[in-house]
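Dear colleague,

I am handing over the structure we spoke about, which you will find just below. After it I have set out what was found, beginning with one residue and then turning to a cavity.

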Amino acid sequence: MPITPTKKIWMDGELVDWEDANIHVLTHSLHYGWAVFEGIRAYETPNGPGVFRLTDHMKRLYRSAKIYCMEPDIPVEGSVQAVKDLIAANEIATCYIRPLVYLGYGEIGLNPLPSKVRMSIACWPWGAYLGEEAFETGVRAMVSSWRRLDNNMIPPQAKACGQYLNSSLAKVEAVKAGYDEAILLNAHGYVSDGTGENVFVVRDGVISTPPAHAGCLGGITRDSIIQVARDLDYEVRETELVRTDLYLADEAFFTGTAAEVVPVREVDDRVVGPAGPITRRLMEAFHNVVRGKDDRYKDWVELVR
Ligand code: PMP
């Protein structure tokens, strides 16, 4: 998806002009993928721009960094403030935010430890990741022939840049085959997640999603939807799912910061959509929660000012 430039990008403590936010071609992370990132969204709320679960996202960034032995120069609170400063400087409200912790220029080779840890944060207006019409029609997904990474290979609980080779291989396969999105199974054949989304199914009124040990990312949208659904008195199970659980679902949907809550219309050409009543209810609830219109979840919306 194309990026629309804003005015400033935060780089190692400074707000630099968008077009000057450049790095050297021998930047370590560019060569071996040793970097971690986040994807966060801010929305217009009745009290000005609000970033959805900003602190939780930054904590996950620092957990990802810890797995990869990188310690950013500033603490989590400093990075939370940096996001707010950046949004204010760019004078936007609704946007996507991309923090990145990476290894800079100066060292090369497979031992990343001597390299300098750098950090950047960019934000820009970004529309619906799977297309605006997907909220209505739902997306067509296929089960990928690529297996999800496992915990003793490249830990799926981190959001590391290099691990997205796995997601992108699955995405490319799906797009080339004429689908919108891929769902990955883990090495044992259980459903893990989408390429950049968690997956949920609904059957006989019960909502199910794979547990973290299935190799899915501990999604912040996933966690939010589980809480919101339980508050609406739905039964939500974190349980292992097999491929046919996707085919036989009454409803299925993806959750993710970029994707938000999107119905799945088909899996491997078996119809499970468009959006059923539970998916619709959760989409609507989420829409209000992230825009600060539901007081029960106001702590999740971190105001810029
Ligand atoms: N799974 C994967 C593989 C992802 O990349 C993402 C996006 N971060 C998600 C799930 C959803 O996570 P979140 O809701 O925190 O964006």
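**Serine 29 and its surroundings**

Leaving aside its neighbours within four places in sequence, serine 29 is in contact with Trp34, Ala35, Tyr102 and Leu103. Please keep in mind while reading that this is a predicted model. Serine 29 itself belongs to helix α1, which covers residues 28–32. Its relative accessible area is 11%, and because buried means under 20%, serine 29 counts as buried. One of its contacts, leucine 103, can be described in finer detail, since a polar atom of the serine 29 side chain lies 2.7 Å from the backbone nitrogen of leucine 103.

**The cavity**

Turning to the inner space of the model, the structure holds 1 cavity of 30 Å³ or more, and the space in the largest cavity comes to about 60 Å³. Its lining is made up of Arg41, Tyr43, Phe52, His57, Thr221, Gly256, Thr257, Glu260, Phe286 and Val290, and these residues divide into 4 nonpolar, 4 polar and 2 charged.

As to where the lining comes from, domain 1 (8–124) and domain 2 (134–290) each contribute at least three residues to the lining of the largest cavity. In terms of secondary structure, at least two lining residues are supplied by each of β4 (40–45) and α8 (277–290).

With kind regards

Notes. Residues numbered from 1 in each chain as written. Predicted model: local features only at pLDDT ≥ 70, side-chain atom pairs only at ≥ 80, totals over all residues. Heavy atoms only, no water. 1 Å grid on protein atoms, 1.4 Å probe; cavity = no way out; pocket = protein on both sides within 12 Å on 5 of 7 lines; lining within 4 Å. Points joined across faces, edges and corners; volume = space filled by probe spheres on them. Helix = DSSP H or I, 4+ residues; strand = E, 2+ residues; numbered from the N terminus. Nonpolar A, V, L, I, M, F, W, Y, C, P; charged D, E, K, R; others polar. Domains from an automatic or database assignment. Buried < 20%, exposed > 50% of the residue type's maximum accessible area, 1.4 Å probe, protein only. Polar contact = N/O pair within 3.5 Å; in protein donor to acceptor, adjacent residues only side chain to side chain. Contact = heavy atoms within 4.5 Å.
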